[in-house]
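Visitor: I am new to this structure and should like to be guided through it. Please let me see it before we begin.

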Amino acid sequence: MTKGSSLRLVSWLLMGLAISFGLYAGSNIAFDLTSQTELASAWDRTHKAAPPIAPATSSDPFQLNVQRPRLAIGQPLAKMSVPSIAWNGIVLEGTDDRVLSGGPGHLVGTAYPGEPDNVVISNHNTYSTAFGNLKAGQQIILDTDYGHFVYKVTGFKVISNKDTSVTAHSTRGQLTFTTCYPLWAGAFATQRYVTMADLVTA
């Protein structure tokens with residue numbers, strides 16, 4: 001095989017890989033969008049505006065103990081909105097493959113929105129690429145059937161996919177949003193991109 005034909009073969013192989021990667025990523029994005037459209041429609045039909053929350057009785061103005069049973073895996077927990085990057089998602093309970101294949105999921109065992117602890121939400125990067133445009137100080141809003149909660153972004157970091165420190169409990173209301181990194185790499189991402197935010201309005 002001549003040098004020229006070898007180069008052509010390598011070029012075709014690389015082009016084939018690029019097309020396959022593009023089709024894979026595109027199909028994941030299309031599935032996420034379809035799933036989220038259906039979930040958002042169902043959420044809007046079944047969830048009314050949350051009632052006002054009773055004033056806190058402790059010195060912590062954001063103290064909230066959610067008086068409700070924990071949700072089953074796959075049930076909708078919150079409507080998440082990030083106005084500055086025009087991003088919306090219905091957060092389901094759980095972070096297994098079935099949940100995350102259709103959008104963001106709430107890590108079981110972490111706090112619920114509004115509680116004085118760490119709310120951890122994860123999402124595949126195919127539906128999170130816009131988070132690369134998010135800036136510190138911007139808002140992340142979680143609407144539940146028991147309240148409306150605003151979190152202010154405080155920072156970002158890239159961690160190993162084995163690092164679980166960001167999911168640890170806290171003594172204050174905060175939100176941790178994780179997705180795979182690099183954001184453009186789809187299933188080939190090897191790290192995690194973490195967005196951190198503090199509860200500012202309950």
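Visitor: How many bridges join β2 to strand β3, and do they run parallel or antiparallel?
Guide: In this predicted model, local features need pLDDT of at least 70, side-chain atom pairs count only at pLDDT 80 or more, and totals for chains, interfaces and linings use all residues. Residues are numbered from 1 along each chain as its sequence is written, and side-chain values use heavy atoms, with hydrogens and water left out. Strands are DSSP runs of E with at least two residues, helices are runs of H or I with at least four, and both are numbered from the N terminus; two strands pair if DSSP finds at least two bridges between them. Strand β3 covers residues 105–106, and its bridges to β2 number two, with the strands running parallel.

Visitor: Which residue in β3 is the bridge partner of Glu-93?
Guide: The link in question is one between β2 and β3. The partner of Glu-93 there is His-106.

Visitor: How is β2 joined to β1, and which residue in the turn has a positive phi?
Guide: β1 and β2 run antiparallel and are joined by six bridges. Along them, Ala-78 stands opposite Val-91, and Pro-76 has Leu-92 as its bridge partner. The two strands form a hairpin with four residues between them, and the turn residue with a positive phi, of about 55°, is Ala-86.

Visitor: In what order do the strands close into a barrel?
Guide: The protein chain has two helices and eight strands, following the pattern α-β-β-α-β-β-β-β-β-β along the sequence. Eight strands close into the barrel with mixed pairing, and their order is β1-β2-β3-β4-β7-β8-β6-β5.

Visitor: How many residues of β2 are buried?
Guide: Buried means under 20% relative accessible area, exposed means over 50%, and partly exposed lies in between, using a 1.4 Å probe and protein chains only. In the protein chain, 40% of the 202 residues are buried. β2 itself is mostly covered, and of its seven residues the buried ones number six.

Visitor: Which element gives the largest share of the largest nonpolar core?
Guide: A nonpolar core is a set of buried Ala, Val, Leu, Ile, Met, Phe, Trp, Tyr and Cys residues joined through side-chain atoms within 4.5 Å. The largest one has 26 residues, and Met-80, Ile-121 and Ile-140 are among those with the most contacts inside it. Elements giving two or more residues to this core include β2 (87–93) and β6 (147–160). The largest share, four residues, comes from β1.

Visitor: Why does Tyr-193 count as buried, and Tyr-181 as partly exposed?
Guide: The structure holds seven aromatic pairs, in which rings of Phe, Tyr and Trp (its six-membered ring) have centres within 6.5 Å, with planes under 30 degrees apart counted as stacked, over 60 as edge-to-face and the rest as tilted. One of them, Tyr-146 with Phe-149, is tilted, at 5.7 Å centre to centre and 50° between the planes. Tyr-181 and Tyr-193 form a stacked pair, at 5.7 Å and 20°. Tyr-193 is buried because its relative accessible area is 12%, and Tyr-181 is partly exposed because its value is 29%.

Visitor: Which residues form one aromatic cluster with Trp-87?
Guide: Trp-87 lies within the residue range of β2 (87–93). The other members of its cluster are Tyr-127, Phe-131 and Phe-177.
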